[in-house]
Amino acid sequence: MLGKFITIEGGEGTGKSTQVKLLAEYLQNKGCDVITTKEPGGTEVGLEIRRLLVCGDKDKMDATAEALLYFADRHIHLEQKIWPAMRDGKVVISDRFADSTVAYQCYGYGQRVKREVIDELYKIAVGNFKPDLTIVLDIDPKVGLQRSFAKADGMVEKELRFEVRELEFHNNLRRGFLEIAKQEPERCVVLDANKTIEGLHKDIVATVAQRLGL
Ligand code: TMP
């Protein structure tokens, strides 16, 4: 593939979407051809899948069903949006990708789907493809959740199926993301998200320059 694929990961309220937007603007100003996207919901079908996943009662489906739906969303996202853009030489920046399924659905972290099952689903939906760079935004979940609930105040249909879970769940997610980053240091960089928007943006820009030369 000609282009680059950058993913921004992390728990709730880490400021991912703001940082995706700022990074895209920065790279565009430098002359890169950039698109931004997100999971779940990066495509038209994906938006329908997103609603099933993030709205409603937290117990309405189990983690296996969630993992299947997240990978369905991801497969469509890759086929319809990410890969075509990369073939055109674009930089694709995604707000979440497969590390979120490991952190949120996998045994030992958010929920109880076996790692082998998630790895098998990855092979089916994604194949051997991986992001060129993954930036994990790390924050104390207590701070992150406050930000998320404040943001949801203005939503008609509140996307809080995961936020309403207990603090322990969010601490486990955080541990999940940090362990993934430790296991794959060539792909992942962890940044402190408890900074000002500008301060974190600077760290992200420096990381993208150092890792990808952009
Ligand atoms: P967002 O709020 O960052 O757009 O993400 C939607 C929710 O979906 C968020 O609570 C995290 C969750 N999620 C998973 O549980 N597994 C996944 O694989 C992905 C991509 C998101």
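Buried means under 20% relative accessible area, exposed means over 50%, and partly exposed is whatever falls in between. Gly-127 has 27% relative accessibility, so it counts as partly exposed. Keep in mind that we're looking at a predicted model here.

**Around the ligand**

Let's go to the ligand. It sits in the largest pocket, with 14 residues around it. The closest of these are Glu-12, Tyr-70, Arg-96, Thr-101 and Gln-105. Sorted by class, the shell has six charged residues, five nonpolar ones and three polar ones.

Which helices each supply at least two residues of that shell? They are H2 (44-54), H3 (63-87) and H4 (98-105). H4 gives the most, with four residues.

Three side chains have a polar atom close to a ligand atom, as the table shows.

| Side chain | Ligand atom | Distance |
|---|---|---|
| Tyr-70 | oxygen | 2.8 Å |
| Thr-101 | oxygen | 2.6 Å |
| Gln-105 | nitrogen | 2.9 Å |

How much of the ligand's accessible area does the protein cover? On its own the ligand has 480 Å² of accessible area, and the protein covers 93% of that.

**Backbone oddities**

Arg-96 has already come up as one of the residues closest to the ligand, and its backbone is worth a look too. Its phi is positive, at about 80 degrees, although Arg-96 is not a glycine. You'll find Arg-96 in the loop between strand S3 (91-95) and H4. Is Arg-96 buried or exposed? Its relative accessibility is 12%, so Arg-96 counts as buried.

The other thing to check is the peptide bond between Glu-39 and Pro-40, which is cis, with omega at about -10 degrees. Pro-40 belongs to the loop between strand S2 (34-38) and H2, and H2 is one of the helices that supply at least two residues of the ligand shell.

**A few more positions**

Back to Gly-127, where we started. This glycine is in the loop between helix H5 (115-125) and strand S4 (133-138). Measuring along the sequence, Gly-127 and Arg-211 are 84 residues apart, and their C-alpha atoms are 23 Å apart in space.

Asp-99 is part of helix H4, the helix that gives the most to the ligand shell. With a relative accessibility of 9%, Asp-99 falls under the 20% limit and therefore counts as buried. How far apart in space are Asp-99 and Gly-176, C-alpha to C-alpha? The distance is 8.7 Å, with their positions 77 residues apart in sequence.

Pro-141 lies in helix H6, which covers residues 141-152. This proline has 6% relative accessibility, so it counts as buried. Pro-141 and Asp-62 are 79 residues apart along the chain, and 23 Å separates their C-alpha atoms.

Finally, there's Cys-188, in strand S5 (residues 188-192). Why does Cys-188 count as buried? Because its relative accessible area is 5%, and buried means under 20%. Cys-188 is 13 residues from Arg-175 in sequence, and the two are 14 Å apart in space, C-alpha to C-alpha.

Key: Residues numbered from 1 in each chain as written. Predicted model: local features only at pLDDT ≥ 70, side-chain atom pairs only at ≥ 80, totals over all residues. Heavy atoms only, no water. Near = heavy atom within 4 Å. Polar contact = N/O pair within 3.5 Å; in protein donor to acceptor, adjacent residues only side chain to side chain. Areas by Shrake-Rupley, 256 points an atom, 1.4 Å probe, with all protein chains shown as cover. 1 Å grid on protein atoms, 1.4 Å probe; cavity = no way out; pocket = protein on both sides within 12 Å on 5 of 7 lines; lining within 4 Å. Sits in = over half its atoms within 2 Å of the grid points. Nonpolar A, V, L, I, M, F, W, Y, C, P; charged D, E, K, R; others polar. Buried < 20%, exposed > 50% of the residue type's maximum accessible area, 1.4 Å probe, protein only.
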